[in-house]
Amino acid sequence: MVGHFYPHCPQPDLTVGIASHTDPGVVTVLLQDQIGGLQVKYEEEWLDVKPVPGALVINVGDIFQIISNDQYKSVEHRVLANPSKDPRVSIAVFCNPSNRENSFGPLPELLSPQNPAQFRQFTFADYMRRFFTKELDGKSLVNYYRV
Ligand SMILES: O=C(O)CCC(=O)C(=O)O
Ligand SMILES: [Fe+2]
């Protein structure tokens, strides 16, 4: 779980709150307050994820994309710098595999001669090591494991 605090930014056009990225895990459950600023990329456009009181945002992560063999896509998202005088607060719960040394890849029951594996096997530990040694540049790591 991570708690984010985005203070007022006097020059929001010059920076971002969190740079564009996809979450590396399976799913992320996010609670945001009423300030706004979260955006998702859809067909090369950034769309606001408007705060809805009481609602949770569920993000598909990279591991979900891989185990579903591309049936679900991890979502590229970012948070704008906060122009509001009030700070923005969000809480993210990352649902990740509990055993980082287990092997992951497309679920075998989804595969067939017509739907061959799009990814090779890897450990979540390897995935997270690569995630934390690269910048948040919007590009997910899923293509690194593509066959
Ligand atoms: O603060 C937010 O709304 C998003 C945070 C986020 O993308 C993350 O923690 O991965
Ligand atoms: Fe995220």
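Visitor: What makes the 13 residues of the largest nonpolar core one core?

Guide: They count as one because a nonpolar core is a set of buried residues of nonpolar types, joined through side-chain atoms within 4.5 Å. In this predicted model, Ile63, Ile66, Phe122, Phe124 and Tyr127 have the most contacts inside that core. Helix H1 (62-67) and helix H2 (124-132) each give two or more residues to it, and H2 gives the most, with 4.

Visitor: And which residues does Ile66 touch?

Guide: Leaving out residues up to four places away in sequence, Ile66 touches Gly105, Pro106, Phe119, Phe122, Tyr127 and Val142.

Visitor: Phe132 is found in helix H2 too. Why does Phe132 count as exposed?

Guide: Exposed means over 50% relative accessible area. Phe132 comes out at 62%, so it counts as exposed. As for where it sits, its C-alpha atom is 27 Å from that of Asp33, and the two residues are 99 apart along the chain.

Visitor: Now the sheet with the order S1-S8-S3-S6. Why are S1 and S6 said to stand at the edges?

Guide: Strand S1 (2-6) and strand S6 (57-60) each have a single partner strand, so one side of each lacks a neighbour in the sheet. The sheet is open, with 4 strands and antiparallel pairing.

Visitor: How do you know that S3 and S6 pair?

Guide: Pairing takes at least two bridges between the strands. Strand S3 (residues 27-32) and S6 have 4 bridges, in the antiparallel sense, so they pair. On S6, Val60 is the bridge partner of Val27.

Conventions. Residues numbered from 1 in each chain as written. Chains lettered and ligands numbered in written order. Predicted model: local features only at pLDDT ≥ 70, side-chain atom pairs only at ≥ 80, totals over all residues. Heavy atoms only, no water. Buried < 20%, exposed > 50% of the residue type's maximum accessible area, 1.4 Å probe, protein only. Contact = heavy atoms within 4.5 Å.
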